[in-house]
Amino acid sequence: MSSNPFLYIVIGIVLIGGFVLLSGGGKSPTVASTSGASAGSNVTVVDGTQIVTIEAKGGYAPGSSVAKAGIPTILRFVTSGAYDCSSSVVIPSRKIAQDLPATGTTDIDVGTLAPGTLSGTCSMGMYRFSVEAKS
Ligand SMILES: [Cu+2]
């Protein structure tokens, strides 16, 4: 019985595939660890207004954000081909119900956050997000 060249090709593909997976896995995203009680990496402050950027599509990312209390705050929802119910945002404590375009950017003014957690969901209450405001 002679060796089967097909077998060697399969083994080669598996080895190369495994190597690609391993080297790709090494490039895990590094979380920017800013010092002190600063806000999360999805939070920026522009002209004194805090902008919390949340992607909506099949849920919310990040699901939980850390922001600063005491400054005017906007939740900026970014959608890209979101045809699921996460494109309909409800923030009960602010009496907000906002439909997002399937693709686009929608700012929701949530006022100045008091220390604590602001929570929202999709219109069905299935997907959740929260913004924890720290003083
Ligand atoms: Cu839903």
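This briefing describes a copper site, a nonpolar core, aromatic pairs, a salt bridge and several polar contacts in one structure. The model is predicted: local features need pLDDT of at least 70, side-chain atom pairs count only at pLDDT 80 or more, and totals for chains, interfaces and linings use all residues. Residues are numbered from 1 along each chain as its sequence is written, and side-chain values use heavy atoms, with hydrogens and water left out. Strands (E, at least two residues) are DSSP runs, numbered from the N terminus.

**Copper site**

- Cys-85 (SG) and Cys-122 (SG) coordinate the copper ion at 2.1 to 2.2 Å. Donors are N, O and S atoms within 2.8 Å of the metal (3.2 Å for Na, K and Ca); water is not among the atoms, so sites may look incomplete.
- Cys-85 belongs to the loop between strand E5 (72-79) and strand E6 (88-91), while Cys-122 belongs to strand E9 (residues 116-122), so the pair ties together parts that are 37 residues apart in sequence.
- Cys-85 counts as buried at 17% relative accessibility, and Cys-122 is buried with a relative accessible area of 0%. Buried means under 20% relative accessible area, exposed over 50%, and partly exposed in between (1.4 Å probe, protein chains only).

**Nonpolar core**

- The largest nonpolar core has 23 residues, of which Leu-75, Phe-77 and Ile-91 touch the most other members. Such a core is a set of buried Ala, Val, Leu, Ile, Met, Phe, Trp, Tyr and Cys residues joined through side-chain atoms within 4.5 Å.
- Two or more residues of this core come from each of strand E2 (49-56), E5, E6, strand E8 (104-112), E9 and strand E10 (128-134).
- Beyond four places in sequence, Leu-75 touches residues including Val-52, Ile-91, Ile-108, Val-110, Leu-118, Phe-129 and Val-131. Contact means heavy atoms within 4.5 Å.

**Aromatic cluster**

- The structure holds 3 aromatic pairs. Rings of Phe, Tyr and Trp (its six-membered ring) pair if their centres lie within 6.5 Å; planes under 30 degrees apart count as stacked, over 60 as edge-to-face and the rest as tilted.
- One of these pairs joins Tyr-60 and Phe-129, whose ring centres are 4.9 Å apart with planes at 65°, so the pair is edge-to-face.
- Tyr-60 lies in strand E3 (residues 60-61) and Phe-129 in strand E10, so the pair ties together parts that are 69 residues apart in sequence.
- Phe-77 and Phe-129 have ring centres 5.3 Å apart and planes at 70°, so the pair is edge-to-face. This pair links distant parts of the chain, with Phe-77 in strand E5 and Phe-129 in strand E10, 52 residues apart.
- Tyr-60 and Phe-129 are buried, and Phe-77 is buried as well. Tyr-60, Phe-77 and Phe-129 form one aromatic cluster.

**Salt bridge**

- The structure holds 1 salt bridge, in which the side chains of Asp-107 and Arg-76 meet at 2.7 Å, N to O. The term denotes a side-chain nitrogen of Lys or Arg within 4 Å of a carboxyl oxygen of Asp or Glu.
- Asp-107 lies in strand E8 and Arg-76 in strand E5, so the pair ties together parts that are 31 residues apart in sequence.
- Asp-107 is partly exposed at 38% relative accessibility, and Arg-76 is partly exposed with a relative accessible area of 27%.

**Contacts around Thr-79, Ala-82 and Thr-103**

- Thr-79, in strand E5, is buried with a relative accessible area of 3%.
- A polar atom of the Thr-79 side chain lies 2.6 Å from the backbone oxygen of Pro-101, and the side chain of Thr-79 also reaches the backbone oxygen of Ala-102 at 3.4 Å. A polar contact is a pair of N or O atoms within 3.5 Å; within protein, one must be able to donate a hydrogen and the other to accept it, and residues adjacent in sequence count only if both atoms are side-chain atoms.
- Ala-82, in the loop between E5 and E6, counts as buried at 2% relative accessibility. Ala-82 and Pro-101 are 19 residues apart in sequence and 7.8 Å apart in space, C-alpha to C-alpha.
- Thr-103, in the loop between strand E7 (96-99) and E8, is exposed with a relative accessible area of 54%. The side chain of Thr-103 reaches the backbone nitrogen of Gly-81 at 2.8 Å.

Methods. Helix = DSSP H or I, 4+ residues; strand = E, 2+ residues; numbered from the N terminus.
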